[in-house]
Amino acid sequence: MPVEFVGMISTHDVSETRPATGPVVDVDYTRRFAQAHERAGFDRILIAQSSGSPDPNQVAAFAAAHTERLGLLVAHRPGFLAPTVAARTFATLDQFSGGRVAVHVITGGHDAEQRRDGDYLSKDERYARTDDYLTVVKKAWTEEAPFDHEGPYYRLADFRSDVRPVQEPRIPLYFGGSSEAAYRVGGKHADTFALWGEPLAETAEQIARVRAAAAAAGRTDVPGISVSFRPILARTDEEAWERAHRILNTIEQRGSTLGWRRGAALNGADATPQNVGSQRLLAAAAKGDRHDRALWTATARATGAGGNSTALVGSPETVAQALLDYVDIGATTLLIRGYDPLDDALDYGRELLPLVRQEVAHRDAAAARAAADAAPATVAPATVGAR
């Protein structure tokens, strides 16, 4: 089946290697950034969320108004809106965008970040709340008749939403996390489970855990798997590695002033991240900088693994093959973003996405031919009275 490509936009020009320019909400840049992903052929764009960032729902609505087909993956933290309000908000956006919305559920992996918005629950309590929250949201999108709900965190009576999603049976749910609680709740609810880019063996182990959690929740379907990377491309592998080390040098020189250091600074500059996903990336980096075909973990180490921060380095052909390695072990979605965010998105569209899609299509066609060849021949029934 075709692989899905997801990019990521922000509302101003900034990255680990680029100082922020323009206002926090740069209307022209946001428009150009979204349109660049559409021109590049991405299927969706992720709009991230933090305690200090612009509201992702409004950013998504703006992006939808200035694109025609691009899907919108809206990051959402359960617990700050009532689940019924969130359900109506996303259903309304799905209506205005023509059925282009998906929701990326982020339960929250850092206590201090959650407390900035007034959330003082423990991590385990947050995941329990997310489970209850998503149960309500999914029913709000799909139940025709009014319903009651009485769970550990939410109670409601006689609820029915007048606004329903365009998409049937409901808006897709993506879910991020790498802890046992994340596997359990995401395995129960997620249409696509999102992982950060680890070495192939570790990624395969996580995929197995997600699938086991889905089975334990009584699901008969298998969640899709998203894996995210920061591709660093150049004409040749050698030139790509030269570029990669320039990027790393810039990250290391600017690290103490960048926003992704704020979380670590709360508990000391060398504090271990609370979220398991970052811990796993740093553990992979501790084993070595280079893994498998093209995975590079030095950028994760340099940033404290503050987000999807592992790179794939090489020529477009090398990186395409590296991405296909993850498709081979079960990835259905590839989330990629660059250090030169807008220009890299355009480069990916010209040089990387077509290579991966062409090979996936070739494999699908070969599998279809093989299945047809293996099917038993159909014998036409004899005609009664034939001579």
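What is the volume of the largest cavity? About 40 Å³, in a structure that holds three cavities of 30 Å³ or more. Keep in mind that this is a predicted model. Below is a quick tour of that cavity, then a helix pair that shares some residues with its lining, then a second helix pair and a pocket.

**The largest cavity**
- Here's who lines the largest cavity: His-76, Phe-90, Val-103, Val-105, Tyr-133, Leu-134, Val-137, Trp-141 and Leu-173.
- Helix H5 gives the largest share of that lining, with four residues.
- Strand E6 (101-105) is also in on it, as E6 and H5 each supply at least two lining residues.
- Sorted by class, the lining of this cavity comes out as eight nonpolar residues, one polar and no charged.

**Helices H3 and H5**
- H3 spans residues 83-97 and H5 spans residues 123-142; the two pack with their axes 8 Å apart, at an angle of about 45°.
- H3 and H5 are therefore oblique to each other.
- The crossing of H3 past H5 is right-handed.
- On the H3 side, the contact uses Pro-83, Thr-84, Ala-86, Ala-87, Phe-90 and Ala-91.
- Facing them from H5 are Tyr-133, Val-136, Val-137, Ala-140 and Trp-141.
- Class by class, this contact has ten nonpolar residues, one polar and no charged.
- Some names turn up twice: Phe-90, Tyr-133, Val-137 and Trp-141 sit in the H3–H5 contact and also line the largest cavity.

**Helices H13 and H14**
- Further along the chain, helix H13 (residues 341-351) meets helix H14 (residues 353-374), with axes that come within 4 Å and cross at roughly 35°.
- H13 brings Tyr-348, Gly-349, Arg-350 and Glu-351 to the contact, while H14 brings Leu-353, Pro-354 and Leu-355.
- The residues here split into four nonpolar, one polar and two charged.

**The second largest pocket**
- Now for an open site: the second largest pocket has a volume of about 210 Å³.
- It is lined by 14 residues, and the ones closest to its centre are Gln-49, Asp-55, Pro-56, Phe-80 and Asp-117.
- Helix H2 (56-65) and strand E5 (71-76) each put at least two residues into the lining of this pocket.
- The pocket lining is a mix of five nonpolar, six polar and three charged residues, whereas the lining of the largest cavity has no charged residues.

Conventions
Residues are numbered from 1 along each chain as its sequence is written. This is a predicted model: local features need pLDDT of at least 70, side-chain atom pairs count only at pLDDT 80 or more; totals for chains, interfaces and linings use all residues. Side-chain values use heavy atoms; hydrogens and water are left out. On a 1 Å grid over the protein atoms alone, a cavity is a set of points where a 1.4 Å probe fits but cannot get out, and a pocket is an open set with protein on both sides within 12 Å along at least five of seven lines; lining residues have an atom within 4 Å of a point. Grid points are joined across faces, edges and corners, and a volume is the space filled by probe spheres set on the points. Ala, Val, Leu, Ile, Met, Phe, Trp, Tyr, Cys and Pro count as nonpolar, Asp, Glu, Lys and Arg as charged, and the others, Gly among them, as polar. Axes are lines fitted to C-alpha atoms, for helices over the stretch in contact, and angles run from 0 to 180 degrees between N-to-C directions. Angles under 35 degrees count as roughly parallel, over 145 as roughly antiparallel, 65 to 115 as roughly perpendicular and the rest as oblique. A crossing is left-handed if the near helix is turned anticlockwise from the far one by less than a right angle, and right-handed if clockwise. Contact means heavy atoms within 4.5 Å.
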